[in-house]
Amino acid sequence: MPLVPQQHLLPDVLSRLDRLTNWERKPRGEMRVGLEPMLDLMQRLGNPHQSFRAIHVAGTKGKGSVCALVAAALLRAGWRVGRYASPHVDHVNERISVLGEEVGDDRLAEALEKVLDSYEAAKREATPGEDATWFDVITAAGFVVFRDAGLDWAVVEVGLGGRLDSSNVVFGEVAILTNIELEHTEILGTTREAIASEKVGILKPGATLATTLPATDAAGRVLQQRADELGCRVLRTDVAEDVTIADKNAALVGLVLDHLGQQGECARGGAETGAPIGAWLLDQTVRESARLPGRMEQFAFTLPSVSTTARRVVPMVMDGAHVPFNIEAVLRDIRRSSDISGQCVAIVALASDKDAEGFLTVLSRYVAYAVFTEASGSGRSHPTDELATLATSMGMACEAEPDPRKALDRAAVKVSEDGGWILVTGSLYLVGALRGVVLKGAD
């Protein structure tokens, strides 16, 4: 009788995965960070992280968009490319992409089973892999997928920090540091310099560092000092401070692509075969293909109405910005947009470890009304009543509604009464909770 292929059902494997500690969904004050469990898993799996060339991306904000842009450009140049990202917005497959497409259920389930079997073996043998977390396992599965797909390059996004992040088992030929601001201070440190020291931990001897931070910046000096210690070259963007987020990301990625071209990397397909890789790859098609859910994502939202003839469409923007400098940049860029005008009604959720006061200080300068809610998927939500109290003390008109779907309804009522547009922000988990509703027309 012919052999029956083994079935790998993703829901069953994810149920097995979800038994592990998931620090993305728990308070992080007691978070365990370290590479020993990941290194144990890698060895047990045949070191899949050494099967591809890597570009490693860290930073406070913009990591995901920069990764997507690098991957899209290399794919356009004819290379076999994968991308590893976190967190996901709608479903876990988003974290692992191969040749520009999300990993399929069967391939992901198979990779996760291999990693979980290695984890179980580590538990039996009491080796460091027995302490692997949810993020360790999903990261390891990504590397298994990339190896089995025979990829040339992987663009790998850091989950948290850098030095001790699960992804830091890879050797990034280019280490990209997008920017550095205060975040995860209970883990990474309470100053930009301390955080920079953790994030630049992805830089290794023989690699090149690319960053937006000048050497005169406090955090930039930390990056330069570490690069000097390792003998690494540093590439820096030179763009105006007030350029858009998208243009700042493109400048950084263009710098990296030009560097690769100067190192002898060439396009492998089409009319450009043999041409050095460079910023020329970042045409409009590549930039459009690199757009990610929940990052300056715009919708035409139909306001619910009892009368179908009276239904009205208003602009909605979803962006997971959760630190003050980033929401400032997001709102500044939206204000420049020619197709969004009027008062902003914001639906906001913040994790308990975020700088709520700083975030709301920025928000209060742009937003006419806020509905504070909770992103239950994170497990670390800042209580809505506390956010509303803080916002009220700043003179912001607002209300609290813990249920995200009801918060959307409240924002819709406000916009239908006063006009304007809707912003969903503060958390990618909130974006994930509402994005599907909006895509279905909020029926």
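This report walks through the sheets, helices and nonpolar cores of a predicted model.

Local features need pLDDT of at least 70 and side-chain atom pairs count only at pLDDT 80 or more, while totals for chains, interfaces and linings use all residues. Numbering runs from 1 along each chain as its sequence is written, and side-chain values use heavy atoms, with hydrogens and water left out.

**The eight-stranded sheet**

Helices (H or I, at least four residues) and strands (E, at least two) are DSSP runs numbered from the N terminus. Two strands count as paired if DSSP finds at least two bridges between them. On that basis there's an open sheet of eight strands, ordered β4-β3-β2-β5-β1-β6-β7-β8, with mixed pairing. Its edges are β4 (101-102) and β8 (233-236), each pairing on one side only. Over at β4, the pairing with β3 is antiparallel and spans two bridges, with Val 98 opposite Glu 101.

Helix α3 (residues 63-76) packs on this sheet, touching β1, β2, β5 and β6; contact here means heavy atoms within 4.5 Å. Angles run from 0 to 180 degrees between N-to-C directions, using axes fitted to C-alpha atoms, for helices over the stretch in contact. By that reckoning α3 makes about 170 degrees with β5. Helix α8 (residues 218-230) lies across β6, β7 and β8, at about 150 degrees to β8.

**The six-stranded sheet**

A second open sheet has six strands in the order β9-β10-β14-β11-β12-β13, again with mixed pairing. Here β9 (297-302) and β13 (398-400) are the edge strands. Ignoring direction, neighbouring strands are turned by 20 degrees against each other on average. Here are three of its pairings:

| Pair | Sense | Bridges | Opposite residues |
|---|---|---|---|
| β10 and β14 | parallel | four bridges | Met 318 and Val 424 |
| β11 and β14 | parallel | five bridges | Val 345 and Ile 422 |
| β11 and β12 | parallel | four bridges | Ile 347 and Val 371 |

Five of the five residues of β11 are buried, so this strand is largely enclosed by the rest of the structure. Buried means under 20% relative accessible area, exposed over 50%, and partly exposed in between (1.4 Å probe, protein chains only). Cys 344, Ala 346 and Val 348 point one way from β11, while Val 345 and Ile 347 point the other.

**A helix pair**

Helix α14 (residues 404-418) packs on the six-stranded sheet and makes about 175 degrees with β11. It also packs against helix α15 (residues 428-439), at about 65 degrees and with the axes 10 Å apart. From α14 come Pro 404, Arg 405 and Leu 408, and from α15 Leu 430, Ala 433, Leu 434, Val 437 and Val 438.

**Nonpolar cores**

A nonpolar core is a set of buried Ala, Val, Leu, Ile, Met, Phe, Trp, Tyr and Cys residues joined through side-chain atoms within 4.5 Å. The largest one has 40 residues, and Leu 108, Leu 112, Val 115, Val 137, Ile 138, Phe 143 and Phe 146 touch the most other members. Elements supplying at least two residues each include α1, α2 and α4, but α5 gives the most, with 10 residues. Setting aside neighbours within four places in sequence, Val 115 is in contact with Leu 41, Leu 45, Val 137, Ala 140, Ala 141 and Val 144. Apart from this core lies another of 33 residues, among them Cys 67, Ala 77, Val 253 and Ala 290.
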